[in-house]
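Hello,

Here is the structure I promised to pass on. Please have a look at it first; my notes on what turned up follow below.

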Amino acid sequence: MAQAYKTETGSGDQGSDRREPRLRRLLSTLRNDRGIWRRGIVLAAFALVLSLVMGLHARIPNTIGNLGSLTETFLPWLAVLIPVLLVLALVRRSATALIAVLLPAIVWLNLFGGLLADRTGSGGNLTVATHNVNADNPDPAGTARDVAASGADVVALEELTASAVPVYEQALDSTYKYHSVQGTVGLWSKYPLSQSGPVDIKLGWTRAMRATVTAPEGKLAVYVAHLPSVRVKLEAGFTARQRDKSADALGEAIADEKLPQVALLGDLNGTMNDRALNAVTSQMRSTQGAAGSGFGFSWPASFPMARIDQIMVKGVEPVTSWTLPETGSDHLPIAARVKLAATGS
């Protein structure tokens, strides 16, 4: 007996039938509506310029108001312009602008996409922290206790005033047996310090120091630095000449260091993207970049927009890096855990 088979059309096929005309209408619009390609040319040009600024930021000259360094300081924030361009492109119903917006998005992801991933690890044998405590801090004792509560083995403090130093010493001495203060920067450690002294960064007064920390796992040369502040002025742009000069001097001191394991803790008044800090950043690794999660912005504390406080290492393996809670300062403290290798006595 022959058996007839009947093909049934299900609801899924009906859905496909409904979607097909929509796709056909879209393709028809793209083919026939010339305005969809002509509209948004200005938006597309702006997207192209934004892509070039991000992709070629190192070529923006510093000769006029240090414009290159200013751009590099806030480079990650150029991303906020991308969704604005996308919305405007949709409002204008411009295919040209929509395609162009992909360019800055790709460039930004190429520059900073890696920072969006969590690179933190576990282990390590030394925790370090640094904090610009702010000369006008209304509660230095509370700030000291907050930083000590992080569990750091070594703590660097910047912007210390002569009147506040005894307060920090009293608040920290129960946790940190060893410390050294040089000018406006200081280092507190649970492990012995030796060869402590100022580092000349061409300022005429002391805002940088160096000491050897002898931890159970090995010796570590620790530099603490507070580079000069920068200013954004309408008549002069991004004024950073003294900061740049001090960065070069600091880089020379670190390059001359004899110990193989080195850490730099401090407020550098610049980001890792700022070419003016190349003398330092070219020879050291950022713990946040290597083992952090996110950008780790540290300033200003009320709404962090840039990571100008840095923990950098050379000959040391970063394990994890993070930002600590707000204190009475206008900066956030930052910390990192690293792995030292045995260096002998």
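Of the 345 residues in the protein chain, 47% are buried. Please keep in mind that this is a predicted model. The accessible surface of the chain comes to about 17400 Å², and carbon and sulfur atoms account for 58% of that.

As for the fold, you will find 11 helices and 14 strands in the chain. Contacts often reach far along the sequence: among those between residues at least 6 apart, 68% join residues at least 24 apart.

A good place to start is an open sheet of six strands, with mixed pairing and the order β5-β6-β7-β10-β12-β11. Its edges are β5 (193-198) and β11 (285-286); each has a single partner strand, so one side of each is left without a neighbour in the sheet. For β11, the antiparallel pairing with β12 (residues 309-314) runs over two bridges, and Arg285 stands opposite Val313 in β12. Helix α9 (residues 241-255) packs on the sheet, where it touches β7 (218-226), β10 (262-267) and β12. The direction of α9 makes about 170° with that of β7.

Now to the interior. The largest nonpolar core has 24 residues, and Leu126, Leu187 and Leu265 have the most contacts inside it. Strands supplying at least two residues each include β1 (126-132), β2 (154-158), β4 (185-189) and β14 (334-339). The largest share, four residues, comes from β6. Another core, of 20 residues, lies apart from this one, with Ile201, Ala253, Leu268 and Val280 among its members.

Enjoy exploring it!

Best wishes

Notes: Residues are numbered from 1 along each chain as its sequence is written. This is a predicted model: local features need pLDDT of at least 70, side-chain atom pairs count only at pLDDT 80 or more; totals for chains, interfaces and linings use all residues. Side-chain values use heavy atoms; hydrogens and water are left out. Two strands pair if DSSP finds at least two bridges between them. Contact means heavy atoms within 4.5 Å. Axes are lines fitted to C-alpha atoms, for helices over the stretch in contact, and angles run from 0 to 180 degrees between N-to-C directions. A nonpolar core is a set of buried Ala, Val, Leu, Ile, Met, Phe, Trp, Tyr and Cys residues joined through side-chain atoms within 4.5 Å. Buried means under 20% relative accessible area, exposed over 50%, partly exposed in between (1.4 Å probe, protein chains only). Accessible areas come from the Shrake-Rupley method with a 1.4 Å probe; for residues, only the protein chains shown count as cover.
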